[in-house]
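Colleague: Pick one part of this model and walk me through it slowly, please. I'm new to this, so explain the words as you go.

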Amino acid sequence: MSTFDRIKELEKQRTRILKQILSIGLMLPGAYKEVYCKCGKPNCWCHKKGGHLFRRITWSENGRSRTKAIPEEDISWIKELTGNYREIQKKRRQIKELEGILKDLLGDHARDVIEKSRQLRD
């Protein structure tokens, strides 16, 4: 496969990934977690057992970790939106990798064209 064909193929991949990113309508940064916390009441059952179930989303904002409790009815929605965010981040990394390869291939292509131009001149 020629350098030109490889560049065209990588650009098609990049365009496909970009369309996938743009098709995601909603997202939230952060991670959904279920943890068990003890309430602190000495007579509560959680004092001897594992604790009360606490559903939360954790994210970073302005360099600080933030946490918010999630009501039962919002769990599936939060999972979907945080999953969308992780998917977009993954696809952004893929685009960055493709752009690095494209940059190298364009440099190779430029050298090839310069070499052909010089040969025609001589």
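Modeller: Start with Lys-12, Lys-19, Leu-22 and Ser-23, which are exposed on one side of helix H1; exposed means over 50% relative accessible area, buried under 20%, and partly exposed in between, using a 1.4 Å probe and protein chains only. Keep in mind that this is a predicted model, where local features need pLDDT of at least 70, side-chain atom pairs count only at pLDDT 80 or more, and totals for chains, interfaces and linings use all residues. Residues are numbered from 1 along each chain as its sequence is written, and side-chain values use heavy atoms, leaving out hydrogens and water.

Now flip to the other side of H1: Thr-3, Ile-7, Leu-10, Ile-17 and Ile-21 are buried there. Looking down the axis of H1, these buried residues fall within an arc of 95°, so they line one face of the helix; the arc is taken from the directions from the helix axis to the C-beta atoms. That fits a handy rule: an α-helix has 3.6 residues a turn, so residues three or four places apart point the same way. And what do the buried residues of H1 pack against? Their partner is helix H2, residues 75–121, with contact meaning heavy atoms within 4.5 Å.

As for its length, H1 covers residues 3–23, which makes 21 residues. From first C-alpha to last it reaches 30 Å, close to the expected 30 Å, which is 1.5 Å times one less than the number of residues. Helices here are DSSP runs (H or I, at least four residues), numbered from the N terminus, and strands are E runs of at least two.

How far can you trust this? The chain's mean pLDDT is 91, and 99% of its residues reach 70 or more; pLDDT is the predictor's confidence in each residue, from 0 to 100.
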